[in-house]
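Subject: A structure for you to explore

Hi there,

Here is the structure I promised to pass on to you. Have a look at it first, and then read on for what I found in it.

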Amino acid sequence: MSPRSASVNEELRRRSRERLLQAAVELVGEHGFEATTLGAIADRAGSARGLVSYYFPGKRQLVQSAVHRLMHRTLEEALEREPRTEDGRERLARAIDAILGLARDRPVLMRQHMAGLLQAEGFVQCPEQRRLAELLSDTVSRYGAQNVSADYPMLRALLMGAVYAALVPGVPMPVPVLRSELFQRYGLDWEMGVPPETEAEPGAGQGDVSRFFATEERPGTP
């Protein structure tokens, strides 16, 4: 049997990493960070346990990458949904609603993510985090920001603060209130994005996430 080509090996590694990211999102969302082991993630992904450390330095880094993937794909889906638009204000409204929607629909996962960001490692610099940053920066640019390098970090900080406020145990702030504050700051109309009265019931977004962690063969792959 002839050895696999480099492109085939690369595709297999991509799929393996994707499965680990998906398994991490599912298990942490179901059981929390502490109760989720690397072994359980590998088992859910159908991967050898040694592969986890091959792709990620540890559980914290794996989970951060997984949540950043979920965030950037959720944001991407919201920005590109029909009817598609190039209107910068509408796109910013969609971005705000997408991130707040994750706090509403996946509180366990997002609470664990916020706690992880306060650890010594801080942000994990990974492809998923960079893609999320690119999408938010582009959104700020299309909104009409004059200084994206300053306005993007501000938007990121405001979104993180809103997610944190929505998830504080015992004293969470209602997502519609947080949304109203952000919309007012950016001069957005309440009807933009996905207004609360048109949203699905809380928790409705906790279903299948496999579309965000595609492992199918890409076009042109041998």
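One term to start with: a residue counts as buried when its relative accessible area is under 20%, as exposed when that area is over 50%, and as partly exposed in between. Please keep in mind that this is a predicted model.

**The whole chain**

The chain has nine helices and zero strands. Read along the sequence, its pattern is α-α-α-α-α-α-α-α-α. Of the 222 residues in the chain, 45% are buried. Among contacts with a separation of 6 or more, 72% are between residues 24 or more positions apart.

**Two residues of H1**

Let's apply the cut-offs to helix H1, which covers residues 6–31 and includes arginine 13. Is arginine 13 buried, exposed or partly exposed? Its relative accessibility is 37%. Partly exposed is the class between 20% and 50%, so arginine 13 counts as partly exposed. Setting aside neighbours within four places in sequence, arginine 13 is in contact with Tyr54 and Tyr55. Its C-alpha atom is separated by 9.5 Å from that of leucine 51, which is 38 residues apart from it along the chain.

Valine 25 is also found in helix H1. With a relative accessible area of 2%, valine 25 is buried. Which residues does valine 25 contact, leaving aside its neighbours within four places in sequence? They are Ala66, Val67, Leu70, Leu109, Val209 and Phe213. For one of these, Val67, there is also a C-alpha to C-alpha distance: valine 25 and valine 67 are 6.5 Å apart in space, although 42 residues apart in sequence.

**Helix H4**

Now for helix H4, residues 59–80. At 1.5 Å a residue, its 22 residues should span 32 Å, and the end C-alpha atoms are 31 Å apart, which agrees. Of those 22 residues, 18 are buried, so H4 is largely enclosed by the rest of the structure.

Glutamate 77 lies in H4 too. This residue is partly exposed, with a relative accessible area of 38%. Not counting residues up to four places away in sequence, glutamate 77 touches Arg211 and Phe212. The C-alpha atoms of glutamate 77 and alanine 95 are separated by 9.7 Å, and the two residues are 18 residues apart along the chain.

**How H4 packs against two other helices**

Two packed helices are described by the angle between their axes and the distance between the axes. Let's do that for two pairs.

The first pair is H4 with helix H7 (residues 127–143): their axes come within 8 Å and cross at roughly 30°. That makes H4 roughly parallel to H7, since angles under 35 degrees count as roughly parallel. H4 passes H7 in a left-handed crossing. On the H4 side, the contact is made by Ser65, His68, Arg69, Met71, His72, Leu75, Glu76 and Leu79. On the H7 side, the residues are Glu128, Gln129, Arg131, Leu132, Leu135, Leu136 and Thr139. Sorted by class, this contact of H4 with H7 has six nonpolar, five polar and four charged residues.

The second pair is H4 with helix H6 (residues 107–117), whose axes come within 10 Å and cross at roughly 125°. That makes H4 oblique to H6. The crossing of H4 past H6 is left-handed. H4 brings Arg60, Gln64, Val67, His68, Leu70 and Met71 to this contact, and H6 brings Leu109, Met110, Gln112, His113, Gly116 and Leu117. These residues divide into six nonpolar, five polar and one charged.

**A peptide bond to look at**

Most peptide bonds are trans. What is the peptide bond from glutamate 82 to proline 83, cis or trans? This bond is cis, with omega near -5°. You will find proline 83 in the loop between H4 and helix H5 (88–105).

**Where to begin**

If you would like a starting point, try valine 25 in H1 and find its contacts Val67 and Leu70. Those two residues also take part in the contact of H4 with H6, so you can go on from there to the helix pairs.

Enjoy exploring!

Best wishes

Methods
Residues numbered from 1 in each chain as written. Predicted model: local features only at pLDDT ≥ 70, side-chain atom pairs only at ≥ 80, totals over all residues. Heavy atoms only, no water. Helix = DSSP H or I, 4+ residues; strand = E, 2+ residues; numbered from the N terminus. Buried < 20%, exposed > 50% of the residue type's maximum accessible area, 1.4 Å probe, protein only. Contact = heavy atoms within 4.5 Å. Axes fitted to C-alpha atoms, helices over the stretch in contact; angles between N-to-C directions. Parallel < 35°, antiparallel > 145°, perpendicular 65-115°, else oblique. Left-handed = near helix turned anticlockwise from the far one by under 90°. Nonpolar A, V, L, I, M, F, W, Y, C, P; charged D, E, K, R; others polar. Expected span 1.5 Å × (residues − 1).
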